[in-house]
Amino acid sequence: MQMIFQDPFSSLNPRMTVGDIVGEPLLIHNLAKGSEKKDRIEVMLKKVGLKPEHSMRYPHAFSGGQRQRIGIARALILHPDFIVADEAVSALDVSVQAQVINLLQDLQAEMGLTILFIAHNLGVVRHCCTRIAVMYAGKMVELAPTDQLFEDPKHPYTRALLSAVPDPDPDIAMNYGISGEVADVGNLPKGCSFAPRCPDCMDMCRNEQPEFCKTNDRFVSCIKAL
Ligand code: SF4
């Protein structure tokens with residue numbers, strides 16, 4: 001398992017060359033040295049759309065998108081089965097986001113990767129994920145195949161999230177469908193965490209914690225939805 005971090009600036013050591021950054025996992029795990037290490041670094045840099053000669057440069061010489069490619073190369077050089085991409089594109093410009101997402105999808109197909117893609121942007125999530133887990137107050141409240149989640153959201157928080165996506169049509173009024181403050185995770189209510197904000201809240205929701213239950217091929221944590 002490896003990780004791609006959100007911030008392509010602070011996640012790269014400014015005192016190390018790109019070659020040292022990408023090759024460090026090989027060094028730590030004692031997997032390659034000398035020319036073999038150099039070759040593997042060059043292959044990986046090419047795979048993420050960079051050039052072998054970039055290995056001699058320092059991170060400050062690269063744009064945000066290129067830096068994120070360096071982070072991806074570092075994550076992939078050990079050939080992991082599983083990658084956690086933690087807000088991996090949210091710090092990038094929109095056009096660069098598309099390039100990095102396409103790169104991740106190509107690498108996923110080529111290397112047979114499973115990627116846990118953490119993001120706030122529902123459009124990005126819809127584009128690149130096969131299953132989506134929606135979290136509220138630190139817990140999963142819904143887990144469903146992408147199409148089902150967007151076409152038929154079961155949890156009231158998922159519905160509120162989807163209704164908050166801006167529509168470019170100026171004649172369509174925004175309907176956020178949710179009010180109140182985000183729950184304090186250090187002081188959660190006794191029953192359902194979403195109860196103080198839920199338009200469907202019933203008396204029992206304030207006293208009972210809903211289970212995260214399976215219905216057909218999806219999971220939901222809502223007494224009313226089950
Ligand atoms: S359990 Fe009740 S309060 Fe919680 S999301 Fe479902 S309907 Fe709303």
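**View 1. The shell around the ligand holds 11 nonpolar residues, two charged residues and no polar ones.** This is a predicted model. In total, 13 residues surround the ligand. The closest are Cys192, Cys198, Cys205, Cys222 and Lys224. Cys198 also belongs to a nonpolar core of 14 residues, shown in View 5.

**View 2. The whole protein chain has seven helices and seven strands.** Along the sequence, the elements follow the order β-α-α-α-β-α-β-α-β-β-α-α-β-β. The C-alpha atoms fill a box of roughly 65 × 45 × 35 Å along the principal axes. Of the 226 residues, 27% are buried. Among contacts with a separation of 6 or more, 54% link residues 24 or more positions apart.

**View 3. Strand β2 (residues 82-86) pairs with β1 and is joined to β3.** Strand β1 (residues 2-4) runs parallel to β2, with three bridges between them. Ile4 has Ala85 of β2 as its bridge partner. Five bridges connect β2 with β3 (residues 114-118), again in the parallel sense. Here Val84 is bridged to Leu116 of β3. Between β2 and β3 the chain passes through helix α4 (residues 94-111), and this β-α-β crossover is right-handed. The two faces of β2 differ in cover: Ile83 and Ala85 lie on the covered face, while Phe82, Val84 and Asp86 lie on the uncovered one.

**View 4. The largest nonpolar core has 24 residues.** Val22, Met44, Leu45 and Ala73 touch the most other members. Two or more residues come from each of α1 (18-28), α2 (34-47), α3 (64-76), β2 and α4. Helix α3 gives the most, with five residues. Which residues does Val22 contact, leaving aside neighbours within four places in sequence? They are Ile41, Met44, Leu45, Ile70, Ala73, Arg74 and Ile77. In soluble globular proteins, nonpolar side chains tend to be buried together.

**View 5. Another core, of 14 residues, lies apart from the largest one.** Its members include Val134, Val141, Ala160 and Cys198. Ala160 is also one of the buried residues of helix α7 (residues 156-163).

**View 6. Helix α7 has five named residues in its buried set: Pro156, Tyr157, Thr158, Ala160 and Leu161.** What covers them? The cover includes α5 (122-128), β4 (131-136), β5 (139-145) and α6 (146-151). An α-helix has 3.6 residues a turn, so residues three or four places apart point the same way. Tyr157 and Leu161 are both among the buried residues of α7.

Terms used:
Residues numbered from 1 in each chain as written. Predicted model: local features only at pLDDT ≥ 70, side-chain atom pairs only at ≥ 80, totals over all residues. Buried ≥ 20, exposed ≤ 12 C-beta atoms within 10 Å, placed from the backbone. Helix = DSSP H or I, 4+ residues; strand = E, 2+ residues; numbered from the N terminus. Contact = placed C-beta atoms within 7 Å. Near = placed C-beta within 6 Å. Nonpolar A, V, L, I, M, F, W, Y, C, P; charged D, E, K, R; others polar. Pairing = 2+ DSSP bridges. Right-handed = clockwise from strand over helix to strand, strands pointing away. Core = buried A, V, L, I, M, F, W, Y, C linked by C-beta atoms within 7 Å.
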